[in-house]
Amino acid sequence: MSSQRVYKSSEHMQPSSGEPVRSVVLETEHSVIVAWHVAPGQRIAAHTHPQGQDTWTILSGHGQYQMDEQGGFVNVVPGDVVVARQGEVHGVLCTSPEPLKFISVVAPLE
């Protein structure tokens, strides 16, 4: 078992000119922690997690967080914590001139 307990999110952010890259920081039997780097204009398509809750902590940038299948959204900014409970639709569009960076924790692991 690894004794590492502190992880640098900046070491896991992966810019991409195509689709945003899902970069796993840590995966355990209980959860998966992912660093996201979403470039201006990029989108993480609306999706659900049938078995888990997805909690995002916004680090930088801002975006439009999709709340439902009809495309309803709320603006998210650094410091926001956004929760999509099991089965809830969510996605995001980066609307800032700088990348939207956030950490996602899905638990329990699917």
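## Overall build

Walk along the sequence and you get β-β-β-β-β-β-β-β-β. That adds up to 9 strands and 0 helices. Keep in mind that this is a predicted model.

The chain has 110 residues, and a compact globule of that length would have a radius of gyration near 13 Å; the chain comes in at 14 Å, which agrees. Its C-alpha trace spans about 40 × 30 × 25 Å along the principal axes. Of the 110 residues, 36% count as buried. The accessible surface is about 6400 Å², with 52% of it belonging to carbon and sulfur atoms. Among contacts with a separation of 6 or more, 66% join residues 24 or more positions apart.

## The five-stranded sheet

Five of the strands make an open sheet, in the order 1-2-9-4-7 with antiparallel pairing. Strand 1 (21-27) and strand 7 (81-84) sit at the edges with a single partner strand each, so one side of each has no neighbour in the sheet. On average, neighbouring strands here are turned by 25° against each other, direction ignored.

Inside that order, strand 2 (residues 32-38) pairs with strand 9 (residues 100-107) in the antiparallel sense, over 7 bridges. If you want a spot to look at, Ile33 stands opposite Val105 in strand 9.

## A look at His90

Is His90 in strand 8 buried or exposed? It's buried, because its relative accessible area is 0%, and under 20% counts as buried.

Its side chain makes a polar contact with the side chain of Asp54, at 3.0 Å. Beyond its neighbours within four places in sequence, His90 also touches residues including His47, His49, Trp56, Tyr65 and Ala84.

Methods:
Residues are numbered from 1 along each chain as its sequence is written. This is a predicted model: local features need pLDDT of at least 70, side-chain atom pairs count only at pLDDT 80 or more; totals for chains, interfaces and linings use all residues. Side-chain values use heavy atoms; hydrogens and water are left out. Buried means under 20% relative accessible area, exposed over 50%, partly exposed in between (1.4 Å probe, protein chains only). A polar contact is a pair of N or O atoms within 3.5 Å; within protein, one must be able to donate a hydrogen and the other to accept it, and residues adjacent in sequence count only if both atoms are side-chain atoms. Contact means heavy atoms within 4.5 Å. Two strands pair if DSSP finds at least two bridges between them. Helices (H or I, at least four residues) and strands (E, at least two) are DSSP runs, numbered from the N terminus. Axes are lines fitted to C-alpha atoms, for helices over the stretch in contact, and angles run from 0 to 180 degrees between N-to-C directions. The radius of gyration is taken over C-alpha atoms; the globule rule is 2.2 Å times the number of residues to the power 0.38. Accessible areas come from the Shrake-Rupley method with a 1.4 Å probe; for residues, only the protein chains shown count as cover.
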